[in-house]
Amino acid sequence: MGYSVGIVGGGAAGMAAAVTAAGQGAAVTVLEGNDRLGKKILSTGNGKCNLGNENLDPGNYHTCSPAFLEACLRRFDTRSVIDFFQGMGLTVKSRKDGLYPLSEQAASVLDVLRYEVRRLGVEVVTECRVRHVEPLEGAGKGRRRRIRVTGDGKVRDFDRVILACGGRAAPRSGSDGSGYRIAEKLGHRLVPVVPALVQLKCGEDYFKSVAGVRAEAVVSLWNQGEASARERGEVQLTDYGISGIPVFQLSRTANYILRDKGTPQVHMDFFPDYSEEAYDALIRGRDRLREGRTVEEFFAGLLHKKLMILFIRLSGLRAVEDARRADPRKLDRVYRLCRDWQVSVTGSNSYENAQVCAGGVPLGEVTEDLESVKVPGVYFAGEILDVDGRCGGYNLHWAWCSGHIAGMAASGHGSCPCWDRKEIHPC
């Protein structure tokens with residue numbers, strides 16, 4: 001006789017868990033707060049759904065237990081993701097290491113998941129926001145432990161329950177942080193949760209003048225005179241600060257620095273391909289252009305016009321003054337700003353704008369099958385756990401991976417025989 005499995009949350013991890021557990025013969029019920037499953041999937045990858053990545057180095061993830069994570073990724077790797085989706089009829093392609101549906105439509109990914117959920121006979125209860133999960137009293141020796149799930153006036157009892165209700169990112173999609181509260185009531189502690197893969201706000205008052213500018217740069221995050229992290233890519237300037245993939249990659253670290261009362265700064269180098277010698281040669285070669293030009297005309301063509309006008313102003317120059325008569329030290333400052341523009345980070349956009357959260361239930365508090373060590377029979381999958389990845393399909397891969405592991409175990413088919421708990425849980 002198969003287990004009854006309740007899954008709280010019908011997002012990416014919850015649907016992967018449902019398909020896996022039902023495929024193993026479990027009687028599966030998905031309890032979803034929205035009016036339909038998988039709402040958040042539609043917005044991933046700018047609507048194209050970057051559903052995985054061929055480069056599954058654990059270094060592309062953040063967690064307090066990297067060896068544990070690596071062991072999970074070995075159990076459900078890139079090939080597993082491709083097979084999982086192609087087994088449901090989705091054609092998958094690779095582009096620059098990223099995995100996408102051939103249609104380049106996130107709706108295709110969601111469609112095959114929904115169809116498979118229906119084909120496998122999974123019961124779906126929508127508009128049901130779960131508030132309580134608790135083990136029932138009197139589960140004696142030799143008897144199956146039952147887990148009670150309560151939400152919006154509905155009470156269900158299951159043999160196993162998987163919490164896959166997301167974090168706090170994009171709350172309009174249903175991720176309202178309720179899973180964290182449930183986990184804490186079950187006795188789990190939380191690694192502090194902050195927005196990740198999100199835009200950063202800056203303290204300077206001139207950003208409206210450069211809003212809309214996009215430029216390739218090396219972006220470094222500093223705190224108290226030390227560099228914390230470094231990324232390269234296209235930076236997007238907004239009226240409140242900075243955005244773009246390299247900024248997203250740094251945002252979790254910036255938010256943790258801010259949480260610890262630090263003072264993060266971002267340094268941007270808009271000439272990342274130039275050595276110091278090559279950049280000095282560029283400056284010397286341009287000096288002849290000063291004759292007969294204003295300062296604005298002299299710096300034309302170096303970077304985006306809005307950016308150069310800002311740097312001219314920050315250097316104490318006037319755009320209309322004669323470049324030949326301009327203070328050489330101030331001209332030099334313009335050049336230095338092009339290579340090291342420093343701005344102060346005062347915060348980030350809210351969870352509403354964040355793609356994921358950092359933090360959550362620590363991996364040290366779950367077994368190799370992602371089962372709670374506090375309450376046997378309760379499992380975790382997806383963003384509720386202390387795992388967050390870089391841009392590039394890593395977070396969705398973790399959703400499929402953790403959903404599969406939890407779904408397999410909850411159905412009664414878990415545990416990797418080569419697992420070494422001592423190695424993966426050094427804490």
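**Contacts, sheets and cores in a predicted model**

Colleague: Which residues does R148 touch, not counting residues up to four places away in sequence?
Modeller: Contact here means that heavy atoms lie within 4.5 Å. Leaving aside residues up to four places away in sequence, R148 touches H132, V133, E134, L136, V155, R156 and D157.

Colleague: What pLDDT do local features need in this predicted model?
Modeller: Residues are numbered from 1 along each chain as its sequence is written, and side-chain values use heavy atoms, with hydrogens and water left out. Because this is a predicted model, side-chain atom pairs count only at pLDDT 80 or more, totals for chains, interfaces and linings use all residues, and local features need pLDDT of at least 70.

Colleague: With the side chain of which residue does the side chain of R148 make a polar contact?
Modeller: R148 is found in strand 9, where helices (H or I, at least four residues) and strands (E, at least two) are DSSP runs numbered from the N terminus. At 29% relative accessibility, R148 counts as partly exposed, the scale being buried under 20% relative accessible area, exposed over 50% and partly exposed in between, with a 1.4 Å probe and protein chains only. A polar contact is a pair of N or O atoms within 3.5 Å; within protein, one must be able to donate a hydrogen and the other to accept it, and residues adjacent in sequence count only if both atoms are side-chain atoms. At 2.8 Å, the side chain of R148 makes such a contact with the side chain of D157.

Colleague: Which strands stand at the edges of the open sheet with the order 8-9-10?
Modeller: The sheet has 3 strands with antiparallel pairing, and two strands are said to pair if DSSP finds at least two bridges between them. Strand 8 and strand 9 (residues 147-151) pair over 5 bridges, and V133 has V149 of strand 9 as its bridge partner. Two strands of the sheet have a single partner strand each, so one side of each is left without a neighbour in the sheet, and these are strand 8 (130-135) and strand 10 (154-158).

Colleague: Which helix gives the largest share of the largest nonpolar core?
Modeller: A nonpolar core is a set of buried Ala, Val, Leu, Ile, Met, Phe, Trp, Tyr and Cys residues joined through side-chain atoms within 4.5 Å. Of the 85 residues in the largest one, V28, L51, F85, V133, I162, L163 and W400 touch the most other members. The largest share of this core, 10 residues, comes from helix 11 (residues 394-410).

Colleague: How many residues are in the other core, which has V213 among its members?
Modeller: This core lies apart from the largest one, and V295, M308 and L317 are also among its members. M308 belongs to helix 9 (residues 305-314), where L307, L310, F311 and I312 are buried as well, and what covers the buried residues of helix 9 includes strand 15 (226-237), helix 8 (295-299), helix 10 (328-339) and strand 18 (341-348). The number of residues in this other core is 45.

Colleague: How many residues apart in sequence are the parts that K40 and E383 tie together?
Modeller: K40 forms a salt bridge with E383, their closest N and O atoms being 3.3 Å apart; the term stands for a side-chain nitrogen of Lys or Arg within 4 Å of a carboxyl oxygen of Asp or Glu. K40 counts as partly exposed at 22% relative accessibility, while E383 counts as buried at 14%. K40 lies in the loop between strand 2 (27-31) and strand 3 (52-53), and E383 in the loop between strand 20 (378-380) and strand 21 (388-389), so the separation of the parts that the pair ties together, in residues, is 343.

Colleague: Is R325 buried or exposed?
Modeller: The side chains of R325 and D322 meet in a salt bridge at 3.0 Å, N to O. D322 counts as partly exposed, at 31% relative accessibility. R325 has a relative accessible area of 70%, and therefore its class is exposed.

Colleague: Why does Q199 count as buried?
Modeller: Q199 is found in the loop between strand 12 (191-196) and strand 13 (200-202). Not counting residues up to four places away in sequence, Q199 touches Y240, I242, S243, F248, S348, N349 and N353. Q199 counts as buried because its relative accessibility is 14%.
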